[in-house]
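Subject: The structure I promised you

Hi,

Here is the structure for you to open up and turn around on your screen. Have a look for yourself, then read on for what turned up in it.

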Amino acid sequence: MEKLIIGSHVSFQKEKQLLGSVEEALSYGANAFMIYTGAPQNTSRSPILDENIKKAEILMKENGIDKNNIVVHAPYIINLANGNQFAVDFLKQEVDRCEKLGLKNIILHPGSSVKLEKEEAIQNIINGLNEIFKRDQDVKICLETMAGKGTEIGRTFEEIKAIIDGVEKKERIGICIDTCHLNDAGYLISDFDKVLAEFDKVIGIDRISCVHINDSKNEQGAHKDRHENFGFGTLGFDVLLSVIYHPKLTNVPKILETPYVTDDDDSKKRLYPPYKFEIEMIREKKFDENLIEKIRSHYR
Ligand code: FE
Ligand code: FE
Ligand code: ZN
């Protein structure tokens with residue numbers, strides 16, 4: 001049978017922590033997932049609870065989820081590029097939390113240069129990473145390829161390569177490619193073989209530790225970063241499927257970060273997770289143009 005490592009972003013709540021995340025992932029039919037160790041948009045974090053790690057591990061084992069296919073995402077607001085110590089200290093603690101959870105990959109947006117020159121911003125990222133990597137720990141930081149919104153660093157493979165070049169412990173750097181971001185950055189995902197070949201030439205395919213699977217609301221090169229549900233954006237079903245089933249990425253977890261579906265009929269503006277249905281559609285390899293309505297009527 002064809003091996004497919006697929007999941008989505010799931011929640012990580014104060015009490016149940018990883019156990020709740022595993023349960024949510026299983027409810028979507030996933031065998032991989034991504035968590036933030038707290039809220040994605042802030043840096044407040046509560047301590048990791050031991051008892052839930054054990055329970056989560058048992059549940060994973062029973063259901064064939066490999067821990068190597070679980071990734072952590074650092075909060076959006078962490079910016080190593082501006083050279084402040086807060087981001088470095090936060091990430092050191094994030095590495096510790098990962099170690100405790102037994103997880104090996106933290107996905108990080110490289111940062112935004114804001115008012116600095118790009119070279120200076122990249123040097124700040126390098127310095128931050130070198131400080132974080134001072135202690136020997138079995139956790140990688142995976143730089144994510146970005147859309148190039150505003151002053152984001154990581155829009156091109158070359159920018160990411162420049163960061164890797166400055167890092168001393170290169171074995172602790174991984175990469176997360178994001179299909180929406182790559183498209184918005186200007187890469188042509190409909191010719192994914194060519195994109196991968198270029199990635200391989202500049203960075204090396206072996207560094208890819210995670211693939212974020214998102215359709216895009218915008219055209220190639222728009223620099224917007226607005227995710228769309230699977231098959232409903234400018235990339236489309238077949239193109240995204242060609243990424244998911246690419247033979248060179250078989251062993252890499254594919255993580256959906258597609259938007260929750262709104263209920264237009266609902267005055268409370270409820271939001272429904274699309275992942276169970278998107279994963280089903282991906283496994284079946286057949287586009288369902290009524291998917292969004294199907295999700296609404298399932299959860300309504
Ligand atoms: Fe991200
Ligand atoms: Fe992403
Ligand atoms: Zn994004």
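Let's start with Met281, which sits in helix H9 (residues 275-284). Keep in mind that this is a predicted model. Is Met281 buried or exposed? Buried: its relative accessible area is 3%, and the cut-off for buried is under 20%. Leaving aside residues up to four places away in sequence, Met281 touches Phe230, Phe237, Lys286, Phe287, Asp288 and Leu291. Take Phe237 from that list: Met281 and Phe237 are 44 residues apart in sequence, yet their C-alpha atoms are 9.7 Å apart in space.

Now the metals. Zoom in on the iron ion (ligand 1) and you'll find His73 (NE2), His109 (NE2) and Glu144 (OE) as its protein donors, 2.1 to 2.3 Å from it. If you walk along the chain, these donors follow the spacing H-x35-H-x34-E. His73 is in strand E3 (residues 70-73) and Glu144 is in strand E6, so this pair ties together parts that are 71 residues apart in sequence. His73 is buried, at 1% relative accessible area. Glu144 also counts as buried, with a relative accessibility of 1%.

Which residue bridges the iron ion (ligand 1) and the iron ion (ligand 2)? That is Glu144, and the two ions lie 3.3 Å apart.

The iron ion (ligand 2) has four residues coordinating it: Glu144 (OE), Asp178 (OD), His212 (ND1) and Glu257 (OE), at 2.1 to 2.2 Å. Their spacing along the chain is E-x33-D-x33-H-x44-E. Two of these donors, Glu144 and Glu257, link distant parts of the chain: Glu144 is in strand E6 (residues 140-144), while Glu257 is in the loop between strand E12 (254-256) and strand E13 (261-262), 113 residues away. Both of them are buried. What about the geometry of this site? The angles among the four donor atoms run from 81 to 171°, and the site is irregular. Why not tetrahedral? Four donors count as tetrahedral if all angles lie between 85 and 135 degrees, and here the range is 81 to 171°, so that label doesn't apply.

Next up, helix H1 (residues 18-27). Seven of its ten residues are buried, so the helix is largely enclosed by the rest of the structure. The buried ones are Leu18, Leu19, Gly20, Ser21, Val22, Glu24 and Ala25. What do they pack against? Strand E1 (6-9), strand E2 (32-35), helix H2 (50-63) and helix H3 (85-101). After H1 comes Gly29, which has a positive phi, near 75°.

Last, the salt bridges. Side chains of opposite charge can pair when their charged atoms come close. In this model the count comes to 16 salt bridges. Here are some to click on:

- Asp96 and Arg135 form a salt bridge, with their closest N and O atoms 3.1 Å apart. Asp96 is in helix H3 and Arg135 is in the loop between helix H4 (118-132) and E6, so the pair ties together parts 39 residues apart in sequence. Asp96 counts as partly exposed, at 30% relative accessibility, and Arg135 is partly exposed too, with a relative accessible area of 45%.
- Lys118 and Glu159 form another, and here the closest N and O atoms are 2.6 Å apart. This pair links helix H4, home of Lys118, to helix H5 (residues 157-166), home of Glu159, with their positions 41 residues apart in the chain. Lys118 is partly exposed, at 36% relative accessible area, whereas Glu159 is buried, at 7%.
- Asp263 and Arg300 meet through their side chains, 2.9 Å from N to O. Asp263 is in the loop between E13 and strand E14 (271-272), and Arg300 is in the segment after helix H10 (291-299), 37 residues apart. Asp263 is buried, with a relative accessible area of 1%, but Arg300 counts as partly exposed, at 43% relative accessibility.

There is also a little group to look up: Lys54, Glu57 and Lys67 are joined into one network by salt bridges that share partners.

If you want a place to begin, try Glu144, since that residue coordinates both iron ions.

Cheers

Terms used:
Residues are numbered from 1 along each chain as its sequence is written. Chains are lettered from A and ligands numbered from 1 in the order in which they are written. This is a predicted model: local features need pLDDT of at least 70, side-chain atom pairs count only at pLDDT 80 or more; totals for chains, interfaces and linings use all residues. Side-chain values use heavy atoms; hydrogens and water are left out. Donors are N, O and S atoms within 2.8 Å of the metal (3.2 Å for Na, K and Ca); water is not among the atoms, so sites may look incomplete. Four donors count as tetrahedral if all angles lie between 85 and 135 degrees; four count as square planar and six as octahedral if opposite donors are over 155 degrees apart and all others between 65 and 115; anything else is irregular. Helices (H or I, at least four residues) and strands (E, at least two) are DSSP runs, numbered from the N terminus. Buried means under 20% relative accessible area, exposed over 50%, partly exposed in between (1.4 Å probe, protein chains only). Contact means heavy atoms within 4.5 Å. A salt bridge is a side-chain nitrogen of Lys or Arg within 4 Å of a carboxyl oxygen of Asp or Glu.
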